[in-house]
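Visitor: I should like to learn how to read the features of a model such as this one. May we take them one at a time?

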Amino acid sequence: VAGAIGGAVAGNEVQKKHDKPVAGQQVIVRTNSGVLVAVTQPVVSGLRVGQRVYIEGSGETARVMAQQ
């Protein structure tokens with residue numbers, strides 16, 4: 001019983017963190033081949049229009065990062 005109650009409390013705390021809104025941005029990238037890729041991600045400061053970037057990851061975990 002203690003394990004079930006502890007699991008329920010832990011699950012409730014995890015859910016609280018996911019219920020809070022997170023500031024986000026949609027970044028549209030034109031690749032070298034001309035394909036447009038849209039990525040929705042948490043806000044990344046320092047991204048500018050026309051800046052060279054790379055896309056890290058794929059699918060729901062994709063992120064646009066500034067090229068160094």
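Visitor: Which residue in β4 is the bridge partner of I55?

Guide: Before the answer, please note that this is a predicted model. The bridge partner of I55 is V64, in β4. That pair belongs to an antiparallel pairing of β3 and β4 over four bridges. The two strands form a hairpin with six residues between them, and G57 in the turn has a positive phi of about 85°.

Visitor: Where does S58 lie, and is S58 buried or exposed?

Guide: S58 is in the loop between β3 (53-56) and β4 (63-66). Exposure is read from the relative accessible area, and a value over 50% counts as exposed. S58 has a relative accessible area of 56%, so S58 is exposed. As for its position in space, the C-alpha atoms of S58 and V39 are 9.5 Å apart, with the two positions 19 residues apart in sequence numbering.

Visitor: How many bridges join β1 to β2, and in which sense do the strands run?

Guide: Strand β1 (residues 24-30) and strand β2 (residues 36-42) run antiparallel and are joined by seven bridges. Within this pairing, Q25 stands opposite Q41 of β2. β1 and β2 also form a hairpin, with five residues between them, and G34 in the turn has a positive phi of about 95°.

Visitor: What pattern do the elements follow along the sequence?

Guide: The pattern is α-β-β-β-β, made up of one helix and four strands.

Visitor: How should one read the two faces of a strand?

Guide: In a regular strand, side chains alternate between the two faces of the sheet. With that idea in mind, let us take a residue from each of two paired strands. V27 is found in β1, and A38 is found in β2.

Visitor: Why does V27 count as buried, and why does A38 count as partly exposed?

Guide: The limit for buried is under 20% relative accessible area. V27 is buried because its relative accessible area is 15%. A38 counts as partly exposed because its relative accessibility is 49%.

Visitor: Which residues are in contact with each of them, leaving aside neighbours within four places in sequence?

Guide: V27 is in contact with V37, A38, V39, Q41, L47 and V64. A38 is in contact with Q26, V27 and I28. Separations between C-alpha atoms add to this picture: V27 and V49, 22 residues apart along the chain, are separated by 9.7 Å. A38 and V64, 26 residues apart in sequence, are 9.5 Å apart.

Visitor: Which residues make up the largest nonpolar core?

Guide: The largest nonpolar core has five residues in all: V27, V29, V39, A62 and V64. For the protein chain of 68 residues, 9% count as buried. The accessible surface of the chain comes to about 5600 Å², and carbon and sulfur atoms hold 57% of that area.

Visitor: How is empty space found, and what lines the largest pocket?

Guide: Rolling a probe the size of a water molecule over the atoms shows where empty space is left. Here the largest pocket holds about 240 Å³ of space. Its lining consists of Q26, V27, I28, V29, R30, L47, R48, V49, G50, Q51, V53 and V64. β1 gives the most to that lining, with five residues.

Visitor: What share of the contacts with a separation of 6 or more joins residues 24 or more positions apart?

Guide: Such pairs account for 9% of those contacts in the protein chain.

Methods. Residues are numbered from 1 along each chain as its sequence is written. This is a predicted model: local features need pLDDT of at least 70, side-chain atom pairs count only at pLDDT 80 or more; totals for chains, interfaces and linings use all residues. Side-chain values use heavy atoms; hydrogens and water are left out. Two strands pair if DSSP finds at least two bridges between them. Buried means under 20% relative accessible area, exposed over 50%, partly exposed in between (1.4 Å probe, protein chains only). Contact means heavy atoms within 4.5 Å. Accessible areas come from the Shrake-Rupley method with a 1.4 Å probe; for residues, only the protein chains shown count as cover. A nonpolar core is a set of buried Ala, Val, Leu, Ile, Met, Phe, Trp, Tyr and Cys residues joined through side-chain atoms within 4.5 Å. On a 1 Å grid over the protein atoms alone, a cavity is a set of points where a 1.4 Å probe fits but cannot get out, and a pocket is an open set with protein on both sides within 12 Å along at least five of seven lines; lining residues have an atom within 4 Å of a point. Grid points are joined across faces, edges and corners, and a volume is the space filled by probe spheres set on the points.
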